[in-house]
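Take a walk through the inside of this protein. We will visit its hollows, its nonpolar cores and its charged pairs.

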Amino acid sequence: MTTTSSTAASSGSAILTALGAGSGIDTASLVTSLVSATYDPKTSAVTAKETANTAKVSTLATLSNGIDAFSTALGTLISGGTLFTQPTSSDSSVLTATANAGAQIGALSAQLSVRQVAQAQSLVSGYYANSGAAVGTGTLLIGSGAASYAVTIDSTNNTLAGVARAINGSGAGLTASVVTDATGARLTIKGATGAANAFTLTPGPNAAAGLAALAFDSSGMTVSGTAVVSPTLTDATTAAVGQGSFTLTTAQGSATLAIDASSDNLTGLAAAINGAGLGLTASIVTDSSGSRLSLSDGSGSAPSFTLAPASDAQIGLVRFAFPVPTNGMTRAQTAQDAIVRVDGVDVTRASNTIDDIVDGITLKLVSAAPTQTITLGATRPTAAITQAVSDFVAAYNELKGQIDVASASSVADADGNITTGPLYNNSAIRQMQTQLSRLTSTVLNTSGGPSTLAEIGVSTNRDGSLTLDSALLTKQLTAYPNAVEAMFNPTQHASSPLIKITSAMGATKPGTYQLTDIVAETSGHSASGSIAGVAGVTTGSKLYASVGSSASGLVIEPSGDISSATITVDLGLGGALQAIRDSLRSSGGVLDSLSTQLTSEKTDLASQLTKLTDDSTAYRARLVTQFSAMTTRVAAYKATQSYIEQQVAVWTKSDS
């Protein structure tokens, strides 16, 4: 558009110059002057607004980046942990300790010993030629705790590496891999730590002979005194044993036992064995743990027999095989629990990471030292907090200086002219100033002691800048170390020791929330009670605040019944500053709205300039047309004048 307008103006000037020669009037200069007189003031006004808009956009970006940087720097400092009281261990080669988020551990003092670390069971197979060696097809049953997982080995995965992949994908929580060295390849399998996570591997009824090399502590019947007993099932009539055929062999002969849908339980299996008439007596033994099958022959010693599932048997029937297959894999490490002695009491856990023995502390067990007493203490970050307060004051004053320049009522520009700041008297900037000025009086800690920055020595000057009274800060740090530390670090705590907060720090907005009629989980019911006046959502031992309540996001785990208690959540200075930043910068916030307004204004001003250019070009074209017509008429008038003058001259000459 600019090129076209320029070309049109140039062409018009050339035409006017040529035509003006006949009229004696400098029409080109006249048109330019008329266009300038009409549009230059309008263009200058819009251009000035554009310049001001650019300055506002640039200044807003500076202030937005300033509060972002202020909030991010403080948040990074706090999340780095240097402003938290840190737990100490007298021997980190035995155990290490870290503070849980939101915990106040200034008074930490504990002694304990690591009797045993948790281990995971690990198995290793014999050597195979390589990872692609065949192992045999069929089903391999993984038993882990009360659960079982069937792994199918067929033509698609009948290799050592294929078995590893199948075990990893079984959902049993095991990690299998192939280890290769100069001798060959071996399969290794590792479970999770803890005695309860020990596992067994049992070849299924249809398994090829090669899978026996991967058996370990296979499921099946075991000798108990003068009887052979099965694993325990929940009951004798509804718990399925598996359908298919068994071959029972005793000194009196052998028989095939068939279990179908009508006899798929312990009672049906016992009846089939008794009906075989081979000298075995099958009975059901039931106690508090469940029901199991017991086989005896009345000899006063354990009976001698074999009970082997046939190839058509479902995988569950391997639990009743006798004798069980011998181990093909070797146990490299036994599954065991961690044992920590606290105040003379041994506590067991399945993991080496323990967060529920010492309040507010997560322990990580490194090695066992049964005879060594480990002392836990705490180191307060007094120097770091003092420096953080000083840095906060400096950063605040720097940001305030930027705001003051942006909103100044009188400032000299680059040419020495006195003008206002780009965002002078802007309501969004006034709100930003107001919210930031409230930081020194904002309650940051509700656990007792000083609760605001003003109370620890951060005061506001007459011009709005901050000053630090270092002596007062030192005094408050000495008298109220927990309170001052809590002002910088987010905390959440319960008024009752029977309440454990399990939700992450920051999941619930700051405030104090009332707990009523809290009932801990028992074998008969889940935890229950109300949080912030609304019935909580129960899931086992945990109680979740309703999403419709003011405490949404809060999760507790009561260890006892209480009629009333409170949960207090403080986000600290970092959370308070982040909240201000978010309210200003989030969608719909005053700075966001101002940015949207300035962007719209910029677009509108650009459109106005384009329209002025188009209008001035059209106006020039009209003037060119009008003056061209005038010049044509003047030329015609001059021609007529010349003709008349010639005629008059002729007439005059003839008269004389």
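Which residues line the largest cavity? Keep in mind that this model is predicted. The lining is made of F84, T85, A103, Q104, I105, G106, N482, E485, A486, N489, P490 and T491. Look at where they come from. Helix α8 gives the most, with 3 residues. Now sort the lining by class. There are 5 nonpolar residues, 6 polar ones and 1 charged one. The volume of this largest cavity is about 80 Å³.

The count of cavities of 30 Å³ or more comes to 2. The second largest has a volume of about 50 Å³. Its lining consists of T85, R380, P381, T382, I385, L477, P481 and E485. Two helices, α5 and α8, each supply at least two of these lining residues. By class, the second lining has 4 nonpolar, 2 polar and 2 charged residues. Find T85 and E485 on the model. Both appear in the lining of the largest cavity, and both appear in that of the second largest.

Next, turn to the nonpolar cores. The largest one has 42 residues. Inside this core, the residues with the most contacts are F392, M432, L436, L439 and F488. Many helices take part. At least two core residues come from each of α2 (27-79), α5 (382-406), α6 (427-437), α7 (470-479), α8 (481-488), α9 (572-585) and α10 (590-655). Of these, α5 gives the most, with 9 residues.

Zoom in on M432. What does M432 contact, leaving aside its neighbours within four places in sequence? The list is L63, I67, L399, I403, L584 and L591. Trace each of them on the structure.

A second core stands separate from the one around M432. It has 26 residues, among them M221, A236, L280 and A313.

Now for the charged pairs. The model has 12 salt bridges. Start with D68 and R581. They form a salt bridge whose closest N and O atoms are 2.8 Å apart. Why does this pair tie together parts that are 513 residues apart in sequence? D68 lies in helix α2 and R581 lies in helix α9, so the bridge links those two parts. How covered are the partners? D68 has 15% relative accessibility, so it counts as buried. The cut-off for buried is under 20%. R581 has a relative accessible area of 23%, so it is partly exposed. This pair also belongs to something wider. D68, R581, D582 and R585 are linked in a network of salt bridges.

Compare that with K611 and D615. Their side chains meet in a salt bridge at 2.9 Å, N to O. Both residues sit in helix α10. They are 4 residues apart, so about one helical turn separates them. D615 is partly exposed, at 26% relative accessibility.

One further pair is R341 and D346. Here the side chains meet at 2.7 Å, N to O, in a salt bridge. R341 is partly exposed, with a relative accessible area of 29%. D346 is partly exposed too, at 39%.

Go back to the model once more. Find M432 in the largest core. Then find D68 in α2 and follow its bridge across to R581 in α9.

Notes
Residues numbered from 1 in each chain as written. Predicted model: local features only at pLDDT ≥ 70, side-chain atom pairs only at ≥ 80, totals over all residues. Heavy atoms only, no water. Core = buried A, V, L, I, M, F, W, Y, C linked by side-chain atoms within 4.5 Å. Buried < 20%, exposed > 50% of the residue type's maximum accessible area, 1.4 Å probe, protein only. Contact = heavy atoms within 4.5 Å. 1 Å grid on protein atoms, 1.4 Å probe; cavity = no way out; pocket = protein on both sides within 12 Å on 5 of 7 lines; lining within 4 Å. Points joined across faces, edges and corners; volume = space filled by probe spheres on them. Nonpolar A, V, L, I, M, F, W, Y, C, P; charged D, E, K, R; others polar. Salt bridge = Lys/Arg side-chain N within 4 Å of Asp/Glu carboxyl O.
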